[in-house]
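Trainee: Could you walk me through the pockets here, one after the other? I'd like a close look at what lines them.

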Amino acid sequence: MSRQSSRSSRSLARHSLDLSIAAPQVIAHRFARMAQAGATPTARDLAEFQRMGAEKVTAFGAAWQAMGLAAVRAQQSYLRALTRSLLTPWWIAPPDVGTLARRANAVAVDVLAAGIAPIRHKAVGNARRLARRPRR
């Protein structure tokens, strides 16, 4: 495994762990806030509830954009490798299926890591923000 792909794998694992810890905290805080507000939420509660929906849209939009960009970069890399292989005689550099499989795995990890980063950033930020404030 190359240094870059192992770094991406560790980053993806760390971001997944952060997200798995932060998301339940944010959900619990917001559900408690909804239950506490009842039928008459305050202006602050309404602002938080509206923010809750808007931030999901922006975080997932950013995630899709990051994943698309990572996929385009991978496609360009594959095109360069294909062009290089077409210009090199097969007896000089025979194709290696194992290398292609490892490269495909590394690209998938990179795309996933790019996609989870914006969502993790928003969830961890919300967990910190909501933990600082008193509920009422």
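Mentor: Here is a tour of the two biggest pockets, with a stop at a surface patch on the way out. Keep in mind that this is a predicted model.

Let's start with the largest pocket, which has a volume of about 400 Å³. It's lined by 14 residues, and the ones closest to its centre are Ala81, Ser85, Pro95, Asp96 and Leu100. Helices α2 and α3 (97-132) each put at least two residues into that lining, and α2 provides the largest share, with five. Sort the lining by class and you get eight nonpolar, three polar and three charged residues.

Now for the second largest pocket, with about 290 Å³ of space. Here 16 residues make up the lining, and Val26, Arg30, Glu55, Lys56 and Ala123 sit nearest the centre. Three elements chip in two or more residues to this lining: α1 (3-37), α2 and α3. Of these, α1 gives the most, with seven residues. By class, the lining of this second pocket comes out as 11 nonpolar, one polar and four charged residues.

Last stop, the surface. Leu79, Leu82, Leu86 and Leu87 make a nonpolar patch there, together showing about 480 Å² of accessible area. Take Leu86, which belongs to helix α2 (residues 43-87). Leu86 counts as exposed because its relative accessible area is 66%, and the cut-off for that label is over 50%. So if you're following α2 along, you'll meet it in the linings of both the largest pocket and the second largest one, and again at Leu86, one of the residues of the nonpolar patch.

Notes
Residues numbered from 1 in each chain as written. Predicted model: local features only at pLDDT ≥ 70, side-chain atom pairs only at ≥ 80, totals over all residues. Heavy atoms only, no water. Patch = residues over 30% accessible without salt bridge, like charges linked within 9 Å, V, L, I, M, F, W, Y side chains within 5 Å. Areas by Shrake-Rupley, 256 points an atom, 1.4 Å probe, with all protein chains shown as cover. Salt bridge = Lys/Arg side-chain N within 4 Å of Asp/Glu carboxyl O. Helix = DSSP H or I, 4+ residues; strand = E, 2+ residues; numbered from the N terminus. Buried < 20%, exposed > 50% of the residue type's maximum accessible area, 1.4 Å probe, protein only. 1 Å grid on protein atoms, 1.4 Å probe; cavity = no way out; pocket = protein on both sides within 12 Å on 5 of 7 lines; lining within 4 Å. Points joined across faces, edges and corners; volume = space filled by probe spheres on them. Nonpolar A, V, L, I, M, F, W, Y, C, P; charged D, E, K, R; others polar.
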